Amino acid sequence: MRYYYAPMEGITDATFRRLHAKYFPGVDRYFMPFLSPTIHRTLTHREARELPRADSVDFVAVPQLLGKNVEDMLWAIGVCADQGYDEVNINLGCPSGTVVSKGKGSGMLSDIFALDAFLDAIYAKAVLPVSLKTRIGVNDSENWEKILEIYRDYPVKELTVHPRIRKAFYKGDCDMAAFARAVEGSPFPVCYNGNVTSIADAESIAAQFPAVESVMIGRGLVADPGMLAGGTDRDTLKAFLNELSDTYCRVFESKRNAIYRMKDNWHYLIGLFEGSEKLWKEMRKSTDYDRFMAIANEIIETLPMRDHPEIIW
Ligand SMILES: Cc1cc2nc3c(=O)[nH]c(=O)nc-3n(C[C@H](O)[C@H](O)[C@H](O)COP(=O)(O)O)c2cc1C
């Protein structure tokens, strides 16, 4: 089984990926949070920072693009090629209201003729292999078969399926029957994504779908960063989080912004610790960097750790 780190906007940025790979080996590919190309055809300072040269790190990362304008997307694919990447991933799953209302992300699944025309133009001219990350529909999964037929007309490098409709956001059960339909007779590799929070979960996917060779994990890996490296131990977690916070202070030039970013991590991580309610409440309220770090260290050093994180999201 190959393990992919799911793209998570606001969490798995370039700093996070570099440090996660340093402390917790085991991820085969890190998918980057989406980049949204605009007609201006330039990268902002932040976007350039988030798209470092592929050979500047010693792990594999895949840039993800979100957009519906073919020319802008082709321009961005060219930028990714210039940066040395060997694949780009297109986001057909983002459920956010502001994205969907512009007909992007999972919004692209609502007009299958436009989706077909978009993919036709992209695959005709893309200078890199293109993989897709998709949901199974917008308000229902009625069109899922048709969407799959469209994908199957193109040389998709790999299709990652998050088997939920847009309306479900990240909640509830995944539709395993819809996932099975994506796997049956697929001409390209299909990767599973959704609610995997342990190696046992990934093995269960492998047992149910022998043709599936890759699983993409998001929240489960933020909650248990060492899941693929034999478990998360206190010392490694402490070193990882300390270096992550320090680096964010430097990159953002703001301790306040570093705290925001670390709180987004702790939202998932807190489930690793028993009896953490009081300290977690204090941490959430904290706006002082030194106090925030002291609480984080108190949690890591003193609270009993679970073998698997409690799923609290
Ligand atoms: C905070 C957050 C940010 C996300 N950002 C992205 C993104 O930039 N691109 C993307 O394709 N999916 C994004 N996702 C979806 C995840 O990649 C993944 O599909 C989803 O979390 C389900 O997988 P999981 O159950 O393993 O977390 C995001 C999810 C969350 C919760």
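Reader: Why do the ligand and the side chain of Lys133 count as a polar contact?

Author: In this predicted model, an oxygen atom of the ligand lies 2.9 Å from an N or O atom in the Lys133 side chain. The cut-off for such a pair is within 3.5 Å, so the Lys133 pair qualifies.

Reader: How do you know that Asn193 and Asn91 belong with the ligand's polar contacts?

Author: For Asn193, a side-chain N or O atom is 2.6 Å from a ligand oxygen. For Asn91, the corresponding distance is 3.3 Å. Both values fall within 3.5 Å, so both pairs are polar contacts.

Reader: Which residues come nearest to the ligand?

Author: There are 18 residues around the ligand, and Pro7, Gln64, Asn193, Asn195 and Arg219 come nearest.

Reader: What makes Glu243 and Lys22 a salt bridge?

Author: Their closest N and O atoms are 2.8 Å apart. The limit is within 4 Å between a Lys or Arg side-chain nitrogen and a carboxyl oxygen of Asp or Glu, so the Glu243 and Lys22 pair meets it.

Reader: How many salt bridges and polar pairs are counted between domain 1 and domain 2?

Author: The count is two salt bridges. Five residue pairs across the interface are in polar contact. On the side of domain 1 that touches domain 2, helix H1 (14–23) and helix H9 (219–223) are the elements giving two or more residues. H1 gives the most, with seven residues. That side divides into nine nonpolar, three polar and six charged residues.

Reader: What makes domain 1 and domain 2 partners in an interface, with their C-alpha centres 28 Å apart?

Author: The domain assignment gives domain 1 as 2–227 and domain 2 as 234–302. Contact is judged on heavy atoms within 4.5 Å, and by that rule 18 residues of domain 1 touch 16 residues of domain 2. Interface size is often given as accessible area lost when parts come together. Here the two domains bury about 1600 Å² between them, 66% of it on carbon and sulfur atoms.

Terms used
Residues are numbered from 1 along each chain as its sequence is written. This is a predicted model: local features need pLDDT of at least 70, side-chain atom pairs count only at pLDDT 80 or more; totals for chains, interfaces and linings use all residues. Side-chain values use heavy atoms; hydrogens and water are left out. Domain bounds come from an automatic or database domain assignment. Buried area is the accessible area (1.4 Å probe) that two parts lose on being put together, summed over both. A polar contact is a pair of N or O atoms within 3.5 Å; within protein, one must be able to donate a hydrogen and the other to accept it, and residues adjacent in sequence count only if both atoms are side-chain atoms. Helices (H or I, at least four residues) and strands (E, at least two) are DSSP runs, numbered from the N terminus. Ala, Val, Leu, Ile, Met, Phe, Trp, Tyr, Cys and Pro count as nonpolar, Asp, Glu, Lys and Arg as charged, and the others, Gly among them, as polar. A residue is near a molecule or strand if one of its heavy atoms lies within 4 Å of it.
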